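Student: Please pick one spot in this protein and take a close look at it with me. Then work outwards from there, so that I can follow along on screen.

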Amino acid sequence: MVMKSQDKPSILLVENIHPVAKEFLEGHGYQVDLLSHAPDEAELIQLLPRYCAIGIRSKSELTAKVLTHAAPTLAIGAFCIGTNQIDLAAARKMGVAVFNAPHSNTRSVAELVIAEMIALSRQLGDRNSKAHQGDWVKSAEGSREVRGKVLGIVGYGHIGSQVSILAESMGLQVVFYDAVKKLPLGNARATTSLDELLSVSDFVTLHVPEIPETMNMIGARELRRMKKGSYLINASRGTVVVIDDLVASLREKHLAGCAVDVFPVEPASNKEKFVTPLQNLPNVILTPHIGGSTEEAQRAIGLEVAESFRRFLKIGSSSGAVNFPNVDLPVKQGTSRILNVHRNEPGVLGEINTIISQAGANIEAQFLSTDAEIGYLVMDVHYSHADDLASRIAQLQRSIRTRVVY
Ligand code: NAI
């Protein structure tokens, strides 16, 4: 079947996605329907056939079964960071691209880390609780400025590098350690090892992904390497730090405090009780995984995924898709663009080019990107009957989806 983007210009957004996404997509000519709740399987199966794209957050589950009812659906947007709620492999096999917004909350996390450095060095959490309880603890002991101190950043990616810039502007000296070579920003300096970073830093902040290599990355050995009286901040993932070892280090007064936003086990909802061995220790700031939870981040997520929809639906650009070969070809005036998703087996491109040359059409630009299972082909052709060409390409046995976007 050949699909044109204008055949089904309706998009469904569920789970109270920020209104900016609807506004943006309507501005680009789509009909946008909203649902405030997360539809269950039966409702999704009923809804999906009506939409060319669906936007969800973390609670709607797009399983393989649900996706088999998504014949007209071209794109799925996870208006959040995680994509575990979507069967990515099933979507890929059907030629459905999945987008998310992994970096819309970068700045929010970076700002929280900066706040926590100052809060830890002035014991703000404890002083605040005491004042609420009626205790007047006016003392300079153990309170320090952050100016001139050394901040060690583990993982110098999107968040780590933002923290670096903000920290330098407050007069901290920044060192960082990353598994890959990174360009130091400002006056920051890369250390040669994690151990070196730990041994020179007054604050250590973690910004690595949750992967096998970072599991328990900071345990008893690493904590011992940290300077006495230094602070640890973890707003990355809970599995990166061995919590019991961190508790031991705090009890021994080796570390002077820590701020932790993420935990190995976190409550599934705000109704569940939260328990951690870090509770009720002095100068320990605990937050419920709110590093990226700001109104600005929600808005940025809404815009980022909506823009991914627009680019994919209107011009076929799949850059940023998490389950799909990434192709981003500039628009060529005076041509028609045909998009084809096919099973990645030898000879498909040859078959497609034969169809085009037999029709006497001229290929102006062609870009193929593949992964182990599928190929994504973007073609700009000079031909007045692009729809006919696309119909013939769609009939190839290994074609999964073919559409003409303009
Ligand atoms: P990113 O992918 O941009 O950066 C991660 C960096 O860590 C990369 O430079 C990578 O090379 C480096 N890295 C990977 N393995 C490493 C290792 N073994 N040792 C040293 N460096 C290593 O990721 P981004 O966006 O900066 O996010 C970082 C972390 O923050 C992630 O774990 C993410 O899940 C978490 N996060 C937490 C939020 C919260 O609400 N607390 C919100 C957003 C992200």
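Tutor: Let's begin at Asn-216, which you'll find in the loop between E10 and helix H9 (220-225). Bear in mind that this is a predicted model. The backbone there is worth a look: Asn-216 isn't a glycine, yet its phi is positive, at about 55°. Is Asn-216 buried, exposed or partly exposed? Its relative accessible area is 44%, and because that falls between the 20% limit for buried and the 50% limit for exposed, Asn-216 counts as partly exposed.

Now step back from the loop into E10. That strand belongs to an open sheet of seven strands, with parallel pairing and the order E9-E8-E7-E10-E11-E12-E13. The edges are taken by strand E9 (189-190) and strand E13 (284-286), each of which pairs on one side only. Follow the sheet to the E9 edge and you reach strand E8 (residues 173-177), which runs parallel to E9 and is joined to it by two bridges. If you want a pair to click on, Phe-176 has Ala-190 in E9 as its bridge partner. As you look along any of these strands, remember that in a regular strand the side chains alternate between the two faces of the sheet.

Next come the helices that lie across this sheet. Helix H7 (residues 158-169) crosses strand E7 (150-154), E8 and strand E10 (203-206), and it runs at about 170° to E7. So H7 touches the strand that leads to our loop, since contact here means heavy atoms within 4.5 Å. Helix H10 (residues 243-251) covers another set of strands: strand E11 (230-234), strand E12 (255-260) and E13. H10 makes an angle of about 145° with E12.

While you're in this region of the sequence, have a look at helix H5 (residues 106-121). Its 16 residues reach 23 Å from the first C-alpha to the last, close to the 22 Å expected. H5 is mostly covered, with twelve of its 16 residues buried. Among them are Val-109, Leu-112, Val-113, Ile-114, Met-117 and Leu-120, and Glu-116 is on the buried list too. After H5 comes Gln-123, another place with a positive phi, near 50°.

For the wider layout, the domain assignment gives domain 1 as 1-105 + 294-324, domain 2 as 111-286 and domain 3 as 327-406. Between domain 1 and domain 2, the C-alpha centres are 36 Å apart.

There's a good counterpart to Asn-216 elsewhere in the chain. Glu-15 is not a glycine either, and its phi is positive at about 65°. Glu-15 sits in the loop between E2 and helix H1 (19-27). Its surroundings are another matter: Glu-15 is buried, with a relative accessible area of 9%.

E2, the strand before that loop, is part of an open sheet of five strands in the order E3-E2-E4-E5-E6, again with parallel pairing. Strand E3 (31-34) and strand E6 (97-99) have a single partner strand each, so one side of each has no neighbour in the sheet. On average, neighbouring strands here are turned by 20° against each other, direction ignored. Three parallel bridges link strand E5 (residues 75-78) with E6, and Gly-77 stands opposite Phe-99 in E6. Helix H11 (residues 295-315) packs on this sheet, where it touches strand E2 (10-13), strand E4 (53-56), E5 and E6 and makes about 165° with the direction of E5.

One last stop, further along the chain, is strand E16 (residues 374-382). E16 is mostly covered, with eight of its nine residues buried. Strand E14 (residues 336-343) runs antiparallel to E16 and is joined to it by eight bridges, with Arg-337 opposite Asp-380 in E16. Strand E15 (residues 362-370) is also antiparallel to E16, again over eight bridges, and Ile-363 stands opposite Val-381. E15 and E16 form a hairpin with three residues between them. To finish, helix H12 (residues 348-359) and helix H13 (residues 386-394) pack at about 145°, their axes 10 Å apart. Ile-352, Ile-355, Ile-356 and Ala-359 of H12 make the contact with Leu-389, Arg-392 and Ile-393 of H13.

Key
Residues numbered from 1 in each chain as written. Predicted model: local features only at pLDDT ≥ 70, side-chain atom pairs only at ≥ 80, totals over all residues. Heavy atoms only, no water. Helix = DSSP H or I, 4+ residues; strand = E, 2+ residues; numbered from the N terminus. Expected span 1.5 Å × (residues − 1). Buried < 20%, exposed > 50% of the residue type's maximum accessible area, 1.4 Å probe, protein only. Domains from an automatic or database assignment. Pairing = 2+ DSSP bridges. Axes fitted to C-alpha atoms, helices over the stretch in contact; angles between N-to-C directions.
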